[in-house]
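Have the model open beside the text. The paragraphs below go from one sheet outward to the helices and the second chain.

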Amino acid sequence: MERTLTNFIHALRSSDVRVSTAETLDAFNAVELVGYEDRGALKRSLALVLPKTADEKETFDLCFDQFFKFTDIRGDRDGSDAEDAANEYSEDAADGQDGEGGAGGDNPPTGSATDAKGKRKSKAKSKGKKAETTAAEDADAEEEDLGPGKMSEPSSELARLLMNDSKVELSIATAQAGEAVGVRDIQVFTQKGLYTRRIMEQMGLADLNREISDLRGSRRIPQRRLGQNLRQRREWLREQVRDYVERQFLLHADADGRRLREELLRKVKLSNVEQRNFRLIQDVVFKMAKRLAALHSRRKKVFKRGQLNLPRTLRHNMSYDGAIFDLHWKSVKIDRPKVFAICDVSGSVANYARFMLMFLYSLEEVMPKVRSFAFSSDLAEVTELFERNKIEDAIAKTLRDYAGGSTDYGQAFVDFKKHCLDDVDNRTTIIILGDARNNYGDPRTDILKEMYDRCKRLIWLNPEPRNSWYVGDAEMRKYTAYSHQVEECNSLMHLERIVGNLLKTVQ
Amino acid sequence: MADAAPDLQKITESVENLKTELEAHRYICSDQIATAVYLAYHLRKPILIEGPPGVGKTELAKTTADMFALPLIRLQCYEGLDEAKAIYEWKYGKQLLYTQVLKETLDEVLQGAKGFAESVSRLHEFGDIFFSEEFLEPRPLMKALQAEAGCILLIDEVDKSDHEFESLLLEMLSDYQLSIPEIGTLKAVNEPPLVFLTSNNTREISDALKRRCLHLYIPFPDLELEQRIIHARVPEIPPELRRQLVKFIHELRGLDLKKVPAISETIDWARTLLLLHTETLEPQLVRDTLNVILKFQEDIENVNSELTTLTSQALK
């Protein structure tokens with residue numbers, strides 16, 4: 001069972017639930033206490049120990065359901081009879097517990113499962129012969145009709161397993177074979193077929209095939225009958241193994257693949273991101289934002305050494321009979337950065353604006369005071385949109401309402417001055433995102449200078465590569481003079497770096 | 001209920017027993033919550049409870065204390081809480097007083113001491129006494145460790161405290177011990193306390209703290225569970241009205257409100273309606289009592305406009 005649990009934790013980790021070694025130990029203790037018998041109890045207990053945020057709990061739920069899928073290898077053939085469904089249910093439940101083993105453990109079946117198996121065997125023997133052979137006739141109509149009757153004993157190990165009707169043993173065998181061929185290393189979905197075949201081979205497919213062809217070539221009827229039967233069961237097994245591989249893929253490789261894609265997306269130029277990747281990129285943005293937030297969530301204090309906090313000192317020294325030796329200094333809590341984001345949302349830059357706004361607003365926890373402005377020719381404040389709507393909706397609305405129209409930086413600055421230049425103070429950081437392509441209009445650097453003088457920091461982010469900044473109608477040269485910092489910013493990685501620095505320096 | 005010593009062995013034997021026992025103490029809970037208490041008791045791990053305000057986080061600790069018939073020691077967290085208020089403080093006054101006394105009897109103490117070295121070593125004995133447990137004023141965390149028969153320690157709203165305080169808790173939570181530089185390490189006397197931490201999620205709790213705790217998230221209950229809670233807390237209310245009011249509250253939770261009503265508000269409302277001898281929900285009545293469940297004028301105005309539809313939906 002230990003293997004099962006560690007495998008499960010591995011799967012959790014690959015879907016971004018952080019599980020430490022200490023928590024793994026806790027999980028073992030918890031499982032020792034509640035046992036594997038009750039699936040609900042197991043889930044509830046592990047849910048207390050492993051995931052530690054609401055998000056992680058959701059992921060955990062999904063992962064648990066997928067991993068501890070108790071119908072690992074279902075005998076659809078023999079269990080199809082409706083009248084047996086009811087009494088079968090209890091046995092399936094018992095089987096289920098062992099099914100976990102199927103998910104990756106090389107453990108012996110527990111006592112209860114052996115019981116259930118015993119029962120099943122006897123039952124399968126009584127009804128199985130009739131039901132299965134008739135089913136066989138239905139399926140392989142073109143095969144010769146051998147009729148019901150005695151079958152000879154299978155010889156190879158896999159064949160015996162198949163004929164035993166023991167789902168539990170089969171699932172364990174599958175899992176063992178899976179471990180042996182390293183199914184957990186599966187990386188891309190095209191490998192599914194490969195791994196299915198490898199597992200089958202590991203389980204002894206070659207022997208089985210030989211046996212089947214021998215049997216079918218045989219002249220004796222019971223042997224031919226067995227051959228037919230085995231052939232069907234082989235197909236069924238193949239399906240089960242494929243399912244198993246599929247599940248392993250979802251558990252292990254899908255997460256790895258996603259990580260790979262995320263890694264790529266961080267570096268890709270934001271204007272090239274395709275629509276279908278937006279969701280994924282959003283996830284990446286949120287994740288990055290969360291990391292930054294965690295990093296900077298501590299509000300720092302600066303102690304002004306040399307300025308005595310008299311009331312505090314006196315209060316603390318009362319207990320020393322008024323003798324002042326425990327000194328307390330005045331301290332100032334450092335303000336969160338106040339950010340004004342001015343975004344060019346005209347066609348060429350819209351995508352960058354989308355992701356920057358997303359980033360800034362995902363950082364609400366550490367940057368509560370973001371005001372945002374959008375312009376292509378006229379500038380308007382969109383802060384309220386973001387307060388009222390979800391980030392994605394707000395961005396969509398912003399782009400709908402303000403994009404389009406030719407870019408006019410001069411006009412945008414005039415508008416900004418009219419609306420809220422007075423709100424800019426020496427704690428404000430202004431971030432301007434735009435390509436500075438002004439269509440040969442008046443750049444109005446005088447207003448930019450005013451902003452530059454008033455604010456703490458003015459950062460200009462340009463999505464174009466540096467070498468095209470001064471080409472054509474770009475006014476970057478003029479604007480650079482009035483910015484504290486100009487950066488090329490066209491991928492999530494750039495964004496992360498810039499916002500990270502912002503949080504670091506301003507705090 | 002709690003006056004006879006509870007049969008701990010039986011209560012903690014299984015999750016079901018715990019659940020029924022909690023219910024006997026009028027705390028209706030889901031399996032998840034009962035499992036949390038069960039694991040916390042057996043693994044001796046603190047529980048960190050998160051969830052929206054008013055879903056019974058603090059109540060769970062109180063009820064558990066009631067159920068186990070153990071004293072509840074509560075530490076309310078706030079910004080600026082430090083070790084002097086949470087763990088211990090020296091009784092400075094007493095120390096000063098004793099120093100004075102010592103000063104007066106100094107001659108007797110030093111009588112017969114040969115040379116400076118011996119005098120100093122005699123004085124040293126006193127120095128140690130001044131920093132002994134006699135002069136220690138225990139605060140909640142230390143009290144919890146010293147409780148003879150064990151206790152329930154409730155660290156309420158841990159998210160309101162500073163980061164520094166969180167780190168201070170780590171030693172207590174993982175090893176049930178506290179280090180006091182002058183004395184040494186204090187360990188739990190007999191039973192380590194059962195610790196409940198609650199958080200309203202105003203900020204993320206650090207990973208280090210989370211790692212040491214079981215993490216229980218209590219969401220708003222579903223219709224059926226909330227009805228049972230109301231039944232346990234306000235048994236006098238007629239079943240039909242109970243169904244209606246719980247339904248109404250659930251409708252409200254679906255709306256975009258500044259603060260959605262929690263269970264505690266549902267209970268208050270149920271009591272209010274009972275007091276007014278209500279038999280069925282009516283728009284006018286709801287309008288008049290809305291301030292019991294909604295705590296922001298903005299929310300009240302928002303809901304007022306849709307009151308009729310909401311009420312008729314709840315009546316269905």
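B:R74 has its bridge partner in β5(B): B:L154. One residue earlier, the partner of B:I73 in β5(B) is B:L153. These pairs belong to a parallel match, in which 5 bridges join β2(B) to strand β5 (residues 152-156) of chain B. This is a predicted model, so read every contact and angle as computed from predicted coordinates.

On to the other neighbour of β5(B). That neighbour is β8(B), joined to β5(B) by 4 bridges, and the two run parallel. Here B:I155 stands opposite B:L197 of β8(B). How much of β5(B) is covered? Most of the strand: 4 of its 5 residues are buried.

Now take the whole sheet. It is open, has 5 strands and follows the order β2-β5-β8-β1-β9 in chain B, with parallel pairing. Which strands form the edges? They are β2 (72-76) and β9 of chain B, and each pairs on one side only. From one strand to the next, the twist averages 20°. Helix α4 (residues 57-68) of chain B packs on this sheet. The helix touches β1, β2, β5 and β8 (194-199) of chain B. Its direction makes about 170° with that of β5(B).

Go next to the β9 edge. Strand β1 (residues 47-50) of chain B is joined to β9(B) by 4 bridges, and the two strands run parallel. Within this pairing, B:L48 has B:H215 of β9(B) as its bridge partner. In a regular strand, side chains alternate between the two faces of the sheet. In β9(B), both faces are covered. B:L214 and B:L216 are buried on one side, and B:H215 and B:Y217 are buried on the other.

β9(B) also leads to the second chain. The contact between the chains takes 21 residues from chain B and 23 residues from chain A. On the chain B side, α3 (31-43), α6 (92-104), α11 (207-211) and β9 (214-217) each supply at least two residues. Which element of chain B gives the most? It is α3(B), with 7 residues. By class, this side of chain B has 9 nonpolar, 6 polar and 6 charged residues.

Cross over to chain A. Helix α3 (residues 39-49) of chain A is mostly covered, with 8 of its 11 residues buried. Among the buried residues are A:A41, A:L42, A:R44 and A:S45. The run A:L46, A:A47, A:L48 and A:V49 is buried as well. What do the buried residues of α3(A) pack against? Within chain A, they meet α2 (21-34) and α4 (54-67). From chain B come α2 (15-24), α3 and β9.

Return to chain B for a helix with a one-sided pattern. Helix α14 (residues 263-275) of chain B has 13 residues. It reaches 18 Å from its first C-alpha to its last, close to the 18 Å expected at 1.5 Å a residue. Its buried residues are B:I263, B:T266, B:W269, B:A270 and B:L273. They lie on the same side of α14(B) because they cover an arc of only 115° around the axis. An α-helix has 3.6 residues a turn, so residues three or four places apart point the same way. The cover over the buried residues of α14(B) includes α12, α13 (239-254) and α15 (283-293) of chain B. Just after the helix, B:H277 takes a positive phi of about 55°.

Look at one residue in that cover. B:I230 sits in helix α12 (residues 223-233) of chain B. Is B:I230 buried or exposed? It counts as buried because 25 other C-beta atoms lie within 10 Å, against a cut-off of 20 or more. Leaving aside neighbours within four places in sequence, its contacts are B:I237, B:R242, B:V246, B:T266, B:I267 and B:A270. B:A270 is 40 residues from B:I230 along the chain, yet their C-alpha atoms are separated by 7.6 Å.

Finally, the two chains as wholes. Chain B has 17 helices and 9 strands, and 33% of its 316 residues count as buried. Chain A has 20 helices and 8 strands, and buried residues make up 38% of its 507. Among contacts in chain B between residues at least 6 apart in sequence, 78% join residues at least 24 apart. In chain A, residues 24 or more positions apart account for 74% of the contacts with a separation of 6 or more.

Conventions. Residues numbered from 1 in each chain as written. Chains lettered and ligands numbered in written order. Predicted model: local features only at pLDDT ≥ 70, side-chain atom pairs only at ≥ 80, totals over all residues. Contact = placed C-beta atoms within 7 Å. Nonpolar A, V, L, I, M, F, W, Y, C, P; charged D, E, K, R; others polar. Buried ≥ 20, exposed ≤ 12 C-beta atoms within 10 Å, placed from the backbone. Pairing = 2+ DSSP bridges. Expected span 1.5 Å × (residues − 1). Arc of directions from axis to C-beta. Axes fitted to C-alpha atoms, helices over the stretch in contact; angles between N-to-C directions.
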